[in-house]
Amino acid sequence: MHRELHDIPEFQVTAGKKVRCRMTLTITQIHDLFDQMTRRVDGRVQQNAWEQRLTVPSHIGEGSVTRTRIRPGMEIMITDITFKQDMKLRIQENCQLFELSYCVSGEINCEWNGKESHTVNQTGNVLFLEDVQVYEEKKAGIRNQLLEIRLTPNELLHYAGDLTEKRQMETWLNRHRGNIDRYPDTSAIQRCVSEMIHCTHQGTMKRLYMESKALEFIALFGEADEYGTVGGKMLLRRDDITILKQVHELVQSHFEQPLSIRELARRVGMNEFKLKKGFRELFGKTIFELVRQKRMEKALWHMEVERLNVGETAASVGYSNASNFTTTFRKHYGCSPSEYLRRIDQLNPERSKLRYGLE
């Protein structure tokens, strides 16, 4: 997805102007990102005690980044920029960062620790990173409109009422440690994002409003992310059950070439954790177990009705390796496919003659 940043020139020249196309930033505390970006792009900054607005210079693009400092260790960033060229960032995260973001419009690619994330219009991400280098690329010619709520985990843990709640929150946060995960896009989250981006309050009222909305956003995310169900039984709403039944149908119709958990989650609009846990609780088996069950049922049909041999049957139900098919078949039915075929032949000699072309 990305070239190494040292292979990309610091500047490219277009029509006699130098255009910055990459930046390397080292983040040692939550508020460094905006401060370092401000120094690197050399744009115009308007500021007061708690809010700063960076207008990017014309050779980089058109638009601005607004940072609202709620308190030490917590801030809100609203980006609305159209870049002239792809903007490539290398960000060294040397502090613990918990971030909720929502992309209203744009296209963002990220790479970290061999993992990848692709963000497009109307998608939300949650990340929990520390001591990791992230490569980020934002596409040129596209309006990048992004809301980010950035805070240290300790800021969030301050809301825990006691040690039990704190441990529960830590378990919840650790579910996302080292990842950039997609979370469900709900109408309540969309509304909250829109109200923050289009806030018309000024001065103290704006600061109060933005802080309250940031906390509302975190609460809405927690609800969508099933906070409080970690390790326990998940309470499924009627809409959840409808979606999981849709997943069940998708799995059954694609069992020969199974869809990944990520693809299933994308198609139905449910986060991966909730999809996997909810599916198991609703149907009493994992998605993988359902795929295996459907493959084995189809294998019997191929052997009994179409009279295929073991190798042909394995290929017909999506196994490229007949040995893996045989192992799975034995675990499922208690005998090998060859043994099963022999039992069929013993019970019906006429079928045996047909199978082997005998008169």
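1. The central feature is an open sheet of 8 strands. Their order is 4-5-6-7-14-9-12-15, and the pairing is antiparallel. Strand 4 (44-47) and strand 15 (180-183) stand at the edges. Each has a single partner strand, so one side of each is left without a neighbour in the sheet. On average, neighbouring strands are turned by 15° against each other, direction ignored. Note that this is a predicted model.

2. Within that sheet, look at strands 6 and 7. Strand 6 covers residues 61-71 and strand 7 covers residues 74-83. The two pair in the antiparallel sense over 10 bridges. One bridge to pick out joins Gly63 to Ile81 in strand 7. As general background, strands of a sheet pair through backbone hydrogen bonds, either parallel or antiparallel.

3. Which helix lies across strand 7? Helix 5 does, spanning residues 203-224. Helix 5 runs at about 90° to strand 7. Helix 5 also lies across strand 5 (51-55), strand 6, strand 9 (97-105), strand 12 (123-129), strand 14 (143-151) and strand 15.

4. Asn144 deserves a look. Asn144 is found in strand 14. Is Asn144 buried or exposed? Its relative accessible area is 3%, and the cut-off for buried is under 20%, so Asn144 counts as buried. A polar atom of the Asn144 side chain lies 3.0 Å from the backbone oxygen of Ile142. The backbone oxygen of Lys139 lies 3.3 Å from a polar atom of that side chain.

5. The surroundings of Asn144 can be listed too. Neighbours within four places in sequence are left aside here. The contacts of Asn144 then include Thr79, Asp80, Ile81 and Phe83. Ser105, Gly106, Glu107 and Ile108 are also in contact with Asn144, as are Lys138 and Lys139. Ile81 appears here again, having been named above as the bridge partner of Gly63.

6. On cysteines: how many disulfides does the model have? The count comes to 0, with sulfur atoms within 2.5 Å as the criterion. Cys95 is buried, at a relative accessible area of 10%. Cys110 counts as buried as well, at 9% relative accessibility.

7. Now the overall figures. The protein has 13 helices and 15 strands. Of its 359 residues, 47% are buried. The accessible surface comes to about 18,500 Å², and carbon and sulfur atoms account for 47% of that surface. Among contacts with a separation of 6 or more, 64% link residues 24 or more positions apart.

Note on methods:
Residues numbered from 1 in each chain as written. Predicted model: local features only at pLDDT ≥ 70, side-chain atom pairs only at ≥ 80, totals over all residues. Heavy atoms only, no water. Pairing = 2+ DSSP bridges. Helix = DSSP H or I, 4+ residues; strand = E, 2+ residues; numbered from the N terminus. Axes fitted to C-alpha atoms, helices over the stretch in contact; angles between N-to-C directions. Contact = heavy atoms within 4.5 Å. Buried < 20%, exposed > 50% of the residue type's maximum accessible area, 1.4 Å probe, protein only. Areas by Shrake-Rupley, 256 points an atom, 1.4 Å probe, with all protein chains shown as cover. Polar contact = N/O pair within 3.5 Å; in protein donor to acceptor, adjacent residues only side chain to side chain.
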